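Subject: A structure for you to look at

Hello,

Here is the structure I promised to pass on to you. Please have a look at it first, and then read my notes below.

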Amino acid sequence: MNDVVRAAGLLRAGELVAFPTETVYGLGADAANPLAIARIFAAKGRPADHPLIVHLPDASQLGHWAVDIPEAAHRLAAAFWPGPLTLILRRHASVSDAITGGQDTVGLRVPNHPLALQLLREFDGGVAAPSANRFGRISPTTAAHVREELGTAVAMILDGGPCAVGIESTILDLSGIKARILRPGMLDAVAIAGVLGYPPELGGERNSPRVSGNLEAHYAPATELQLVAAADFPQALQAALAAGRRIAVLADPQLLRAHPGIACYPASPDPVRYAHDLYAGLRELDALGGDLILVAAPPAEAAWRAVNDRLRRAAAGSK
Ligand code: TXA
Ligand code: MG
């Protein structure tokens, strides 16, 4: 029996299967089985009122999960699925409260990874999957990260190599009058506006439990992480050194020319590459077990919006 067939069988039996997507690894369970869903919350240590994204093999199953689907949802699905976009739609009455956190909406997406799509087709239903990390910690972008995070709490981990995108999907709420981006991702507002016909609103309600990614403390390493403007970086570095702190750095290595002894994960000048490397880099720096991870903030430009969002939350969450 091949791995995908075995994984689908485990899902049918109510077990947890971690699988790769193009964004981050997901911790999957049968979305129609509330007992399986309960296992996700237990394995992650996640509060039960946080809703989960349901992953589908293609857009043809949208009507099983959502009602009052606006025409824009079909256009966005046609343009961007499979891909790093989650659509929030009004839930179908059959969708369990365990998935929606008791809300009247449901998050749906078709991931763009060959193994994920094989698994979803083989399973032939919805797979609820949050990122396969413990609650509040850094999302996994390799199978080894999942093993570190969840170990024996999962029945199986499908290894699909490192994730191509590296940070979580863009979440777009289509349940209201105007579309709104609740969580920025690498599929950006400009691309979405091109299909919607108008620019989406930006930003969820702050600290809303509807999107746990909106809690300030999220995506955090165990080591304190400080995010400083590139211009202030030399001063921040000096101050930390003067205080005798053991420092690791995520920045342009040029900024550390005078300090060859300090561990540095090189920051890419390209936002796509930066996002791809971000979580693996933070894990490496965290594993050094120092006192402080110092991060030089990337430019405050639209192309960096999703990356800056994750860095800001990592800084808030590490304190
Ligand atoms: O890229 C991704 O989206 C990854 C991969 C595995 O697909 N998944 C992911 O799941 O990031 P998770 O659970 O870590 O984050 C999903 C976010 C949560 O912040 C959750 O609150 C939000 O989606 N969400 C899910 N359903 C929602 C709903 N009905 N309304 C608002 N937010 C929702
Ligand atoms: Mg997550």
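A word on terms before we begin: a nonpolar core here is a set of buried Ala, Val, Leu, Ile, Met, Phe, Trp, Tyr and Cys residues joined through side-chain atoms within 4.5 Å. Please also keep in mind that this is a predicted model.

With that in hand, the largest nonpolar core has 47 residues, and those that touch the most other members are Leu-76, Leu-85, Leu-87, Leu-108, Leu-172 and Leu-174. Among the elements that give two or more residues to this core are helix 4 (71-80), strand 5 (85-91) and helix 8 (189-196). Another core lies apart from it, with 23 residues that include Val-24, Ile-167, Leu-225 and Trp-304.

Leu-174 is a nice place to start exploring. Beyond its neighbours within four places in sequence, Leu-174 is in contact with residues including Pro-70, Leu-76, Leu-87 and Leu-196.

Next, the two helices. Helix 4 and helix 8 pack with their axes 9 Å apart, at an angle of about 125°, and are therefore oblique to each other. The crossing is right-handed. On the helix 4 side, the contact is made by Ala-72, Arg-75, Leu-76, Ala-79 and Phe-80, and these meet Ala-191, Ile-192, Val-195 and Leu-196 of helix 8.

Now to strand 9 (residues 170-173). Thr-170 and Leu-172 point one way from this strand while Ile-171 and Asp-173 point the other way, yet all are buried. Strand 9 pairs with strand 5 in the parallel sense over four bridges, and with strand 10 (residues 180-183) in the antiparallel sense over three bridges. Asp-173 stands opposite Ile-88 and also opposite Arg-180 in strand 10. A hairpin of six residues joins strand 9 to strand 10.

Further along the chain, you will find an open sheet of four strands in the order 12-15-13-14, with parallel pairing. Its edge strands are strand 12 (224-229) and strand 14 (263-266), and the twist averages 20° from one strand to the next. Within this sheet, strand 13 (residues 247-251) and strand 15 (residues 292-297) pair over four bridges, and Ala-248 has Ile-293 as its bridge partner in strand 15.

Two helices go with these strands. Helix 9 (residues 233-242) lies across strand 12, strand 13 and strand 15, at about 170° to strand 13. Helix 10 (residues 271-287) packs on the sheet and touches strand 12, strand 13, strand 14 and strand 15, its direction making about 175° with that of strand 13.

Enjoy exploring!

Best wishes

Technical notes:
Residues numbered from 1 in each chain as written. Chains lettered and ligands numbered in written order. Predicted model: local features only at pLDDT ≥ 70, side-chain atom pairs only at ≥ 80, totals over all residues. Heavy atoms only, no water. Pairing = 2+ DSSP bridges. Axes fitted to C-alpha atoms, helices over the stretch in contact; angles between N-to-C directions. Contact = heavy atoms within 4.5 Å. Buried < 20%, exposed > 50% of the residue type's maximum accessible area, 1.4 Å probe, protein only. Parallel < 35°, antiparallel > 145°, perpendicular 65-115°, else oblique. Left-handed = near helix turned anticlockwise from the far one by under 90°.
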